[in-house]
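User: I am in my first year and would like a close look at one part of this protein, namely its salt bridges. Could you take me through them slowly and say where the partners sit?

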Amino acid sequence: SARRFLEDKPDKARLKIVDPARPLHLRTATARITDHARRRRFDEGWAAYQEVTDPDDDLRITALGLCAKALWWARAWEIWDSMAQKHLNGYNTMIDLCAR
């Protein structure tokens, strides 16, 4: 099964399995930003990101995806610079933004 496959690969599992220890407000904000990005409501997604006072890297990567879809270079670089640890998804998103 997919879950068993991911259990052997912690880097990939981190991206696919919801971490129950992650605070609910961060999981909710991530879901809201993702939904806004899918519906191309970029300003609402950015407002949802700004409401969070303590974003983690997962939320920042989600916001980077929003910025890439909206072609917001300055905001994406602002988020990128605020990330303590860069992740593969973040690099991919920044490459995607630069390619546009």
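Analyst: What follows is a walk through the salt bridges, pair by pair. The model is a predicted one, and the count in it comes to six salt bridges.

A good place to begin is the pair D56 and R22, whose side chains meet in a salt bridge with a distance of 2.7 Å from N to O. This pair links distant parts of the chain, since D56 lies in the loop between α4 (42–51) and α5 (57–70), while R22 lies in the loop between α2 (10–16) and α3 (24–38), 34 residues apart. R22 has a relative accessibility of 13%, and because buried means under 20%, R22 counts as buried.

The pair D57 and R60 offers another setting, for here both residues lie in helix α5, three residues apart, which is about one turn of the helix. Their side chains meet in a salt bridge of 3.6 Å, again taken from N to O, and both D57 and R60 are buried.

Next comes R39, which forms a salt bridge with D35, with 2.8 Å between the closest N and O atoms. R39 is exposed, its relative accessible area being 53%, whereas D35, with a relative accessible area of 27%, is partly exposed. These two residues also belong to a wider arrangement, as D35, R39 and R41 are linked in a network of salt bridges.

Terms used. Residues numbered from 1 in each chain as written. Predicted model: local features only at pLDDT ≥ 70, side-chain atom pairs only at ≥ 80, totals over all residues. Heavy atoms only, no water. Salt bridge = Lys/Arg side-chain N within 4 Å of Asp/Glu carboxyl O. Helix = DSSP H or I, 4+ residues; strand = E, 2+ residues; numbered from the N terminus. Buried < 20%, exposed > 50% of the residue type's maximum accessible area, 1.4 Å probe, protein only.
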